[in-house]
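Q: Could you take me through some of the labels used for this model, and what stands behind each of them?
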Amino acid sequence: MTDENLNTTVYYDDDADHSAIEDKTVAVLGYGSQGHAHSQNLSESGVDVVVGLRKSSSSRAAAKADGLRVATPAAAAAEADIVSVLVPDTVQPAVFDQIEDGLEPGDTLQFAHGFNIHYNQIQPPEDVDVTMVAPKSPGHLVRRNYENDEGTPGLLAVYQDETGEAKEEALAYAHGIGCTRAGVIETTFREETETDLFGEQAVLCGGMTALVKEGYETLVDAGYSPEMAYFECLNEMKLIVDLMYEGGLSNMWDSVSDTAEYGGLSRGDDIIDDHAREKMEQVLEEVQDGTFAREWIAENQAGRPSYTQLKEAEETHHIEQVGEPLRDLFAWDDGNEEEAAEAAA
Ligand code: NAD
Ligand code: MG
Ligand code: MG
Ligand code: MG
Ligand code: MG
């Protein structure tokens, strides 16, 4: 379905045809965040599901307790028509080696993120369909929303369409996990992978934590109390983000004081200035030309030395020591976001 207010195609329940998947068997490889949600939702939508897990996997008991059939990844994939690869991205190439022989012409390799296909870490056989259905939320929400008769927005992409039915089947899969209840946006493996990596590096995970730490350190170095700096630079972040999530930038600006609005509008661009923009363009370039992907793959092959170091530095940052007891102390914040937003800014 095309919405004239959007620059993209969005699919809903009516656009999906359950018959494209109802007689098929789906092997869900992995029973983590996405895996447990996809397999339970598909199963309750009337699809035959087999969960593929290693013999040694501690998730086997959980999947069985949830009423699902379990087999090894190789056996599950051999039996299935659709193989949904929901193990961590870094182990997908090794798992693919175990299941490749079980793929028959016309089967589907299905992903929830495009990294391994886009950066050629998995080379699928030419006679299978390759698709992506990527919920735009963690798995526990994909599951909870489904149970509450609600949906989770998602992305859909077709990389390889051997059967001519790849998109129809992916839409039926998206329907089966509840995504078409909320809306599914069509994209490509390249666009999903590159925007996902850029977003998490430059804005969401990397950019935001760096902004929080610099702000915190600026206040503490100027002699203000770490507790005040923590609240102002980290704790209040959620309240502001919630307002943007609910109604965009204007909704946030309307909700804060005029002083906060004028101060923010007149100073924000000086903080994230042309220099930051150039750095963002550099980050994007390294995503696009594969520099980041090569670095991350090599990092994993080497046993994650830099990752371990960066993680430890973050975990031992002053703001983490200050934050822990404060969060315990202020556990009163049980989710009344309107009240909390009024108290902020
Ligand atoms: P996860 O880390 O939560 O779970 C992975 C599961 O895979 C584990 O629970 C285990 O059952 C299994 N596993 C782990 N190592 C294995 C191995 N060596 N061999 C076989 N099985 C193994 O993974 P996830 O976060 O659900 O990610 C799965 C896919 O979904 C990824 O492609 C990811 O990018 C994508 N995705 C995740 C989210 C999210 O919020 N978590 C959102 C959208 C897309
Ligand atoms: Mg098969
Ligand atoms: Mg993302
Ligand atoms: Mg990501
Ligand atoms: Mg304030």
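Q: What makes Ser 257 a "binding site" residue here?
A: That label comes from UniProt, where an unreviewed entry lists Ser 257. UniProt positions are given in the numbering used here, feature names are shortened, and annotations may be inferred rather than shown by experiment. The model itself is predicted: local features need pLDDT of at least 70, side-chain atom pairs count only at pLDDT 80 or more, and totals for chains, interfaces and linings use all residues. Residues are numbered from 1 along each chain as its sequence is written, while chains are lettered from A and ligands numbered from 1 in the order in which they are written.

Q: Why is Ser 257 called exposed?
A: A residue is exposed if 12 or fewer other C-beta atoms lie within 10 Å of its own, buried if 20 or more do, and partly exposed in between, with C-beta atoms placed from the backbone. Ser 257 has 9 such neighbours, so it counts as exposed. Ser 257 sits in the loop between helix H11 (226-255) and helix H12 (258-271); helices (H or I, at least four residues) and strands (E, at least two) are DSSP runs, numbered from the N terminus.

Q: Why do Asp 196 and Glu 200, also listed by UniProt under "binding site" (unreviewed entry), count as partly exposed?
A: Asp 196 has 18 C-beta neighbours inside 10 Å, so it is partly exposed. Glu 200 has 13, and therefore gets that label too. Asp 196 belongs to helix H9 (residues 189-204), and Glu 200 lies in H9 as well.

Q: How do you know that Tyr 31 is buried?
A: Tyr 31 has 28 C-beta neighbours inside 10 Å, so it counts as buried. Leaving aside neighbours within four places in sequence, its contacts (C-beta atoms, placed from the backbone, within 7 Å) include Val 51, Leu 53 and Ser 59. Tyr 31 is among the residues covered by a UniProt "binding site" annotation (unreviewed entry), as is Ser 57. For Ser 57 the count is 17, so Ser 57 is partly exposed.

Q: What makes the buried residues of H6 line one face of the helix?
A: In H6 (residues 139-147), Gly 139, Val 142, Arg 143, Asn 145 and Tyr 146 are buried. Seen down the helix axis, they fall within an arc of 165°, so they line one face; the arc is that of the directions from the helix axis to the C-beta atoms. His 140 and Glu 147, on the other side of H6, are exposed. The buried residues pack against helix H1 (33-44) and strand E7 (129-135).

Terms used
Two residues are in contact if their C-beta atoms, placed from the backbone, lie within 7 Å.
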